[in-house]
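Me: Please take a close look at one part of this model for me. I'd like to know how it sits among its neighbours, and then how that fits the bigger picture.

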Protein chains: 2
Amino acid sequence: MLKNDTFLRALLREPVSHTPLWIMRQAGRYLPEYNATRSRAGNFLNLCKSPDLATEVTLQPLARYSLDAAILFSDILTIPDAMGLGLYFAEGEGPRFERPIRDEWEVRNLTAPDPEVSLRYVLDAVSQIRRTLAGSVPLIGFSGSPFTLACYMVEGGGSEDFRHIKGMLYRRPDLLHRILEINTQAVIQYLNAQIEAGAQAVMVFDTWGGVLSSPAYREFSLHYLSMIAAGLTRHAEGRKVPSIVFTKGGGLWLEAIADAGFDAVGLDWTVEISDARRRVGAQVALQGNMDPMVLFGNSDSIRSEVQRILSGFGSGSGHVFNLGHGITRFTDPEQVAVLVDAVHELSRPFHEENL
Amino acid sequence: MLKNDTFLRALLREPVSHTPLWIMRQAGRYLPEYNATRSRAGNFLNLCKSPDLATEVTLQPLARYSLDAAILFSDILTIPDAMGLGLYFAEGEGPRFERPIRDEWEVRNLTAPDPEVSLRYVLDAVSQIRRTLAGSVPLIGFSGSPFTLACYMVEGGGSEDFRHIKGMLYRRPDLLHRILEINTQAVIQYLNAQIEAGAQAVMVFDTWGGVLSSPAYREFSLHYLSMIAAGLTRHAEGRKVPSIVFTKGGGLWLEAIADAGFDAVGLDWTVEISDARRRVGAQVALQGNMDPMVLFGNSDSIRSEVQRILSGFGSGSGHVFNLGHGITRFTDPEQVAVLVDAVHELSRPFHEENL
């Protein structure tokens, strides 16, 4: 039994006493205790691949703040790593792959990894985190979206212009579709294995869908997101397993995203949440959407932005407070405490009909 | 008298025989002749500051392609450079300022430069380009937006998270407003001086407005864009001087942007141009919006995207074809020829009522 199921209830638009809150990348480099564990691990990949250390860092932000959910600490690129692309992190740079996927031969040889075998370390972390949480708050499992994974797989790492994957998209859409089909199958199996291991909600991060044109987004990202929604295990341990989809930069396409079949839609901070609720809030819950940079303000400006977003959503359930993107490493942990307290305190009046 | 005024007519939504086209950053590193001139100049700033060389590179893409407008070759950061911030380009990196604006003292000492004095080299380039164009196509003058200039001035260069300017925005909005007021005054004087020197249309690039939340965009970017629209010289040489505003990532705010007082609104490729026309096309012309990465496809995919965008806008005037962002240095110049021919050829049926 969960002591605090506010997060799960809000995702299903069931009554809650306050607006639940978690923070994308809440176990991250803004926390000194995270940096200490990471140093101990030697590098980021060791941290991801050790269930003990992944459990430790997953729990760190919950020890500091009264967050309403934990999220599995892992990397977004575990799937392509398990496909044999050779994930590594160059010092001071983002993730890179030793063997990016560019030509037909490389695409033809790609297969979805069996998560029970090659992503065992993630599933072990999920089980261990669940045991350690001991019913305090729910645990979120996650995956990158098929398109976002493909970006890294084809570019070979991060990109500013995405010219390799977009070149493939326009020149050889058949090859990109083949990669996306395999990624979709892999993501479904991976998320369902996380649910079986104990994840109580799942989120798909479509970090790069927003770099596409509107029709390309529908064909190369949203289509596969819908297949994932259709393939997810919807019940486990006698309750629903809510799902969240987040396309950063997807504000123009909210109606279509809300139709994809997930329970909740993540919003970045460029979207006015009142507009978003008007456009799609009868269909899905909304998660977001404070600019992470608001945490570089002061207590007053943080509280004022929290109030603005809570008022924008308005009364009733169906809102999970979050940032509109991951928290940055330069954030002062004290400001996060201000945020968490503000959301809990200022959101109660919006749920008074339920008290 | 202009031999080809299609661009100016389309901005004013007057009948045209084809959809005019120019390309953001059309004088740029994808052209070998540009790279040759740049080498000769020694560095990028010398190229900007020499009216002879700026004229030479402005004309280069027009010699290759039948573009419908020329755009002044210059840097977006000439204004803060003229304010004394010390613009420089570190090798392999973007622009940087030696003296960024961070504290109250630095803000209080900021003043708008007199373009006739400290931006004389730009005005001389405008006059010289106009003479060299000899009425072939119109010349576009341009400036960065007050907020976009402030981003560079406060961050000290490019940024991924904009934490300095956003920290100022949330902690000391009074300081940021002061910077924006000075920038606005400077941009108006600068654009009007370009018009006096011969620019036949002007464009304001709000490259970074899209990184703001919706209310912050209105307060810190759009408000100042409206002031610019109100302060621009609207007639010169016996004809209207149309103005274009472009907020990259501003698709969610199109209605508000169309209300700012410019003749045309630029669109990035995430916006469906048919939706944009429905939302604001009765009020302003639209410029855009092909993903620059479509040029990494093949002739068929380029023509097919051109057709999709032309059909999306539909029949009648009020559309200037462009990319949704600057062309990248890795583009094959041959593909640009395919684009230019496709726009001219495929757009004629959409203007047949005027023939």
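The part to follow is strand β10 (residues 285-290) of chain A.

Reply: Before we dig in, a word on the ground rules. This is a predicted model, so local features need pLDDT of at least 70 and side-chain atom pairs count only at pLDDT 80 or more, while totals for chains, interfaces and linings use all residues. Residues are numbered from 1 along each chain as its sequence is written, and chains are lettered from A and ligands numbered from 1 in the order in which they are written.

Start with the strand itself. Strands here are DSSP runs of E with at least two residues, helices are runs of H or I with at least four, and both are numbered from the N terminus. In β10(A), 6 of the 6 residues are buried, so the strand is largely enclosed by the rest of the structure. Buried means 20 or more other C-beta atoms within 10 Å of a residue's own; 12 or fewer means exposed, in between is partly exposed, and the C-beta atoms are placed from the backbone.

Now for its partners. Two strands pair if DSSP finds at least two bridges between them. On one hand, strand β9 (residues 264-266) of chain A runs parallel to β10(A), joined by 3 bridges. You can find the spot by looking for A:A264, which stands opposite A:A285. On the other hand, 5 bridges tie β10(A) to strand β11 (residues 319-323) of chain A, again in parallel. Here the pair to look for is A:N289 opposite A:N322.

What links these strands? Between β9(A) and β10(A) comes helix α14 (residues 273-280), and the three make a right-handed β-α-β unit. Right-handed means that, with the strands pointing away from you, the path from the first strand over the helix to the second runs clockwise. Helix α15 (residues 299-313) of chain A plays the corresponding part in a right-handed β-α-β unit with β10(A) and β11(A).

One residue from far back in the sequence turns up here too. A:L11, in helix α1 (residues 6-11) of chain A, touches A:A285, along with A:A264, A:V320, A:A201, A:P242, A:I244 and A:D263, leaving aside residues up to four places away in sequence. Touching means that the C-beta atoms, placed from the backbone, lie within 7 Å. With 30 other C-beta atoms within 10 Å, A:L11 is buried. From A:L11 to A:R278 it's 267 residues along the sequence but 17 Å in space, C-alpha to C-alpha.

That kind of long reach shows up across chain A: of the contacts between residues at least 6 apart in sequence, 72% join residues at least 24 apart. Chain A has 16 helices and 11 strands, and 55% of its 355 residues count as buried. Its radius of gyration is 19 Å, which agrees with the value near 20 Å for a compact globule of 355 residues; that radius is taken over C-alpha atoms, and the globule rule is 2.2 Å times the number of residues to the power 0.38.

For the wider sheet, look at chain B. There, an open sheet of 7 strands runs in the order β1-β4-β5-β8-β9-β10-β11, with parallel pairing. Its edge strands, each paired on one side only, are β1 (70-71) and β11 (319-323) of chain B. At the β1(B) end, 2 bridges hold that strand parallel to strand β4 (residues 139-144) of chain B, with B:A70 opposite B:L139.

How do the two chains relate? A rotation of 180 degrees with 0.0 Å of shift along its axis superposes chain A on chain B (RMSD 0.0 Å), fitted by least squares on the C-alpha atoms of residues with pLDDT of at least 70 in both. That is the relation of a two-fold axis. In chain A, the C-alpha of A:L252 comes nearest the axis, at 3.0 Å.

Where they touch, each of chain A and chain B puts in 26 residues. On chain A's side, helix α10 (residues 163-171) gives the most, with 5 residues. That side splits into 9 nonpolar, 11 polar and 6 charged residues. Because 100% of chain A's interface residues are also interface residues in chain B, the copies meet through the same surface. For the classes, Ala, Val, Leu, Ile, Met, Phe, Trp, Tyr, Cys and Pro are nonpolar, Asp, Glu, Lys and Arg are charged, and the others, Gly among them, are polar.

Terms used
Two residues are in contact if their C-beta atoms, placed from the backbone, lie within 7 Å.
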